[in-house]
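Open the model in a viewer and set it to a cartoon view. The stops below say what to select next and what is there.

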Amino acid sequence: MNDGQPGGTRGEPAGAIPDEGRARSGDPFDDALALVNGPVQPRVRPAAEAATVRAPHVARGAAAGEGGDSPYTPGDPYTPDDPFAPGDPFASDGPGAPGNRSGPTGPTGPTGPTGADDPPPTSAPGPRLTPAAVPWHLARDIARRAVTEPPAPLTSALGAALGRTLATPLTALTDLPSFDTSAMDGWAVAGPGPWRLDHPAGTPEAGSPPGILAGHAPTDVLLDGHAIAIATGARIPSGATAVLRSEHGEVRAPSGGGRRLYAPQPVPPGQDIRPRGQECRRGDQLLPAGALVTPAVLGLAAAAGYDELTARPRPRAEVFVLGDELLDHGLPREGRIRDALGPMLVPWLHALGVETPAARHLADDADTLYAALADSTADVVITTGGTASGPVDHVHPTLRGLGAEVLVDGVEVRPGHPMLLARLAPGRHLVGLPGNPLAAVSGLCTLAEPLLCALAGRRPAPPYRVPLAAPVHGHPHDTRLVPVAYRDDERYGLMAAPLHFHGPAMLRGIAAADALAVVPPGGAKRGNELELLELPWPAGWAPDTPTDWGASGEL
């Protein structure tokens, strides 16, 4: 299984041949990028000329040192586990990168002048041409808009709607509260005190008079200068002007007989009475369509008179984990590794409100993948690995065989560059995730989550921004998604601390994270506010993590 990055020079279709006669820019960094990203092997240049070309990361460090606003220092290297570190085989998208989809030549062969150093022509069919990778924010927008109409809504009992989204606004079927209600235990009083304590009709005059309990509807009118005991939630009797709390009143038995209620200070009209319609009136819109049905929403709906709710069905997804090298139990051995994606992706999808059976492990076999996709009836199929063009990467050929429409083929994001989104049929989609674990998380958050939210009819969450607690390295061109944890700073308040272990094959950082920070090209400094993608579980549950993240800004 090969998860290399799609090739092709920026701004040109993959397989295009740059004009060999084009004048070089004179900038060593640009020349180095042109050599790395070019779809043909560069000509062998004289040693003196080749020696002037520096590696991109060295030039970047030097360039960064020229500007006072850069978060980098001259020569500041990428960290070893960085997804585009110089030692990373996927550091470039050029012909030397594993899984590059553009071969030595385009499908029609070289278009420039032929020289002795040019690769020999080939009669074999040319490689598949791929569209240019799209910017990260655009990819998320495409995924969200891929669903033109969510599935038809379903009406079900209240409990069955939990975790779904309202298909229609939640409108109050009654006033809330539906009658004037006591907010406290005490006495319902009429007019100014002191008050005579009444015995309701049909009760003995001896002893303390009984009060009005919740669930009882009093029929007697409370006369001016009179009071009656009342419980929290009970209906206020007609004629009452206020409720005197039990701890504020004093009952006395004067010598003339009867019982009197006294208050240390006047009781203003309306005190501790919840008036009818205080929360809403019948017909008021309580929540709009698209609101998530949470336990609190179920309570509100019940209070407003609902027995059923009309909500969008939960999206249905299947997860296909591809790779002959994967084990489902035990320790890694003999070149095989444990499958980390199956155990992670299914509960992650459940946390997003998606119905998902156990992940299926598929061998690296084109026919097996074709049959699995052809037989699936899920709204979304999520595959892991096989999104590049290596010898066992079958996702693209299978999609072509199924007549699928590819909507996104590569995203300008690290990790996770070779992710894809395709429409299998009307209302059915496939999200192809890279095989590296953190790269798969990147694809899940970039393409799968917006697609699934649209299927569920859920409104997208507004961008949430938090300042960084330490500088973050940036890719020269692409967005980065970096695991962060929330930290309280005495001066700045809540901040996002970048975590270690954020390489594309690592999960240690994301396992301790509260969110993913969206780092723009070029990086960000301490204090810069970045957009965060919060993880779909409560923040703060993660175990303690190392606190040396701010030592030098190194991740």
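Which residue in S23 is the bridge partner of Ala422? Select Ala422 and Leu430: Leu430 is the partner. Bear in mind throughout that this is a predicted model.

**Stop 1: the hairpin partners and their sheet**

Widen the selection to residues 420–425, strand S22, and residues 428–433, strand S23. These two strands pair in the antiparallel sense, over 5 bridges. Now bring in the rest of the sheet, which is open and has 6 strands. Stepping across, the order is S18-S15-S19-S23-S22-S20, with mixed pairing. From one strand to the next, the twist averages 20°.

Go to the two edges by selecting 360–362 for strand S18 and 405–409 for strand S20. Each has a single partner strand, so one side of each is left without a neighbour in the sheet.

**Stop 2: the helix across the sheet**

Select residues 366–375, which make up helix H7. H7 lies across four strands: S15 (317–322), S18, S19 (380–384) and S23. Relative to S18, H7 runs at about 145°.

**Stop 3: a pair of helices**

Next, select helix H6 at residues 341–351 and helix H9 at residues 437–455. Their axes come within 12 Å and cross at roughly 25°. An angle under 35 degrees counts as roughly parallel, and H6 and H9 are therefore roughly parallel to each other. The crossing of H6 and H9 is right-handed.

Show side chains at the contact. From H6, take Leu341, Met344, Leu345, Trp348 and Leu349. They meet Pro437, Ala440, Val441, Leu444, Cys445, Glu449 and Leu452 of H9. Sorted by class, the contact of H6 with H9 has 11 nonpolar residues, 1 charged residue and no polar ones.

**Stop 4: a strand covered on both faces**

Finish at strand S21, residues 411–414. Are its side chains buried or exposed? Val411 and Val413 on one side are buried, and so are Glu412 and Arg414 on the other, leaving both faces of S21 covered.

Add the strands that pair with S21. Strand S1, residues 134–135, pairs with S21 in the parallel sense over 2 bridges. Here Val134 stands opposite Val411. Strand S25, residues 479–489, also pairs with S21 in the parallel sense, over 2 bridges. To find this pairing, select Val413 and its bridge partner in S25, Thr479.

Notes. Residues are numbered from 1 along each chain as its sequence is written. This is a predicted model: local features need pLDDT of at least 70, side-chain atom pairs count only at pLDDT 80 or more; totals for chains, interfaces and linings use all residues. Side-chain values use heavy atoms; hydrogens and water are left out. Two strands pair if DSSP finds at least two bridges between them. Axes are lines fitted to C-alpha atoms, for helices over the stretch in contact, and angles run from 0 to 180 degrees between N-to-C directions. Contact means heavy atoms within 4.5 Å. Angles under 35 degrees count as roughly parallel, over 145 as roughly antiparallel, 65 to 115 as roughly perpendicular and the rest as oblique. A crossing is left-handed if the near helix is turned anticlockwise from the far one by less than a right angle, and right-handed if clockwise. Ala, Val, Leu, Ile, Met, Phe, Trp, Tyr, Cys and Pro count as nonpolar, Asp, Glu, Lys and Arg as charged, and the others, Gly among them, as polar. Buried means under 20% relative accessible area, exposed over 50%, partly exposed in between (1.4 Å probe, protein chains only).
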